[in-house]
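Could you walk me through this structure, one question at a time? I am new to it and would like to see how its parts fit together.

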Amino acid sequence: MLSLDVVIPFSQPDSWRERELQLILDRVHHASPSAVFIAGSDKEHVENLPAGVTYVPVADWSKPRAVNQIVLNECKSEWILVLDADVLLSFAKVRENLEAHGPHAQVIRPCRKILRLSKATTEELLRTGADVKLTGKEEPVTVITGGAFLITRAMYLHVRGFDERFVRYLEDADLKSRLVNTAVTSVCGDPPGLHMFHTPAVRRSNEYTPLYKRRLALDYAARIADTESCIPPGLGSPRE
């Protein structure tokens with residue numbers, strides 16, 4: 001069995017986001033991970049984590065910086081699953097895809113479609129924690145989406161992970177472009193119809209407006225952080 005570590009970037013906890021995280025932690029064992037890391041801020045903490053889950057505090061938190069530091073300093077497995085705290089996967093399918101495609105790929109897209117749940121469905125799912133009829137908007141998933149992707153630790157280190165100058169959004173688009181330039185072998189192993197369940201909080205319901213997309217473009221142009229990556233060059237191998 002290929003070894004797998006799960007890295008979940010998580011900041012600004014509130015009751016809604018903590019319920020999202022708990023829903024993931026209740027199910028992630030189906031992927032048979034070696035370790036699960038919560039990449040959190042050093043100014044925050046999450047209580048009552050289950051066995052096998054470690055909270056790692058990161059100073060000057062941003063998602064790219066948090067994930068980079070944990071992959072570099074904490075992860076020991078061959079494969080890494082980077083998973084946002086508001087994304088719910090079929091973790092059993094994650095393990096199936098990893099065993100089927102991991103020996104000859106460096107990146108695995110865990111699903112073909114994303115289902116952005118309606119507000120009502122999201123609230124019921126978080127309230128009950130049970131399987132409910134899922135309704136929302138389906139969207140295709142690109143080779144890399146920042147919300148969920150599998151990558152070998154060696155490849156992640158080789159491309160130096162996320163560019164930490166992207167302090168908000170589009171770090172996944174940048175990572176995708178650098179992986180393509182490395183001629184990475186990327187596959188999507190799941191059958192059609194497997195969905196990733198994204199549970200957007202109410203306060204984020206305006207994120208897909210034209211104004212929000214304009215802000216993404218501005219963030220991309222700004223790249224206002226100082227550090228490109230805490231991962232030094234020369235680590236990892238594109239074919240390891």
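The questions and answers below go through helices, cores and salt bridges in turn.

Reader: Hello! What kind of model is this, predicted or not, and which pLDDT cut-offs apply?
Author: Welcome! Residues are numbered from 1 along each chain as its sequence is written, and side-chain values use heavy atoms, with hydrogens and water left out. This is a predicted model, in which totals for chains, interfaces and linings use all residues, while local features need pLDDT of at least 70 and side-chain atom pairs count only at pLDDT 80 or more.

Reader: Is helix 2 largely enclosed or open?
Author: Helices (H or I, at least four residues) and strands (E, at least two) are DSSP runs, numbered from the N terminus. A residue is buried under 20% relative accessible area, exposed over 50% and partly exposed in between, using a 1.4 Å probe and protein chains only. Helix 2 covers residues 63-73, and eight of its 11 residues are buried, so the rest of the structure leaves helix 2 largely enclosed.

Reader: Which elements do the buried residues of helix 2 pack against?
Author: Those buried residues are K63, P64, R65, A66, V67, N68, I70 and V71. Contact here means heavy atoms within 4.5 Å. By that rule their packing partners are strand 1 (4-9), strand 2 (35-41), strand 3 (53-58), strand 4 (79-83), helix 5 (153-158) and helix 6 (171-181).

Reader: Which helix gives the most to the largest nonpolar core?
Author: A nonpolar core is a set of buried Ala, Val, Leu, Ile, Met, Phe, Trp, Tyr and Cys residues joined through side-chain atoms within 4.5 Å. The largest one has 36 residues, of which L4, I8, L81, L83 and F91 touch the most other members. With five residues, the element that gives the most to this core is helix 1 (residues 15-25).

Reader: What does F91 touch, and how many residues are in the other core?
Author: Leaving aside residues up to four places away in sequence, F91 touches I24, R27, V28, H30, A31, L81 and L83. Apart from the largest core lies another, whose members include A39, V67, V71 and V159, and its count is 24 residues.

Reader: How many places apart in sequence are the parts that R65 and E164 tie together?
Author: A salt bridge is a side-chain nitrogen of Lys or Arg within 4 Å of a carboxyl oxygen of Asp or Glu, and R65 forms one with E164, their closest N and O atoms being 3.6 Å apart. Both partners are buried, R65 with a relative accessible area of 17% and E164 at 2%. R65 lies in helix 2 and E164 in the loop between helix 5 and helix 6, so the pair ties together parts separated in sequence by 99 residues.

Reader: What separates D174 and R178 in helix 6?
Author: These two form a salt bridge, with closest N and O atoms 3.0 Å apart. D174 counts as buried at 8% relative accessibility, whereas R178 counts as partly exposed at 22%. Being four residues apart in helix 6, they are separated by about one helical turn.

Reader: Do the buried residues of helix 4 lie on the same side or on opposite sides, and over what arc?
Author: In helix 4 (residues 119-128), the buried residues are T121, T122, L125 and L126. The arc is that of the directions from the helix axis to the C-beta atoms. The buried residues are on the same side of helix 4, because they cover an arc of only 125°.
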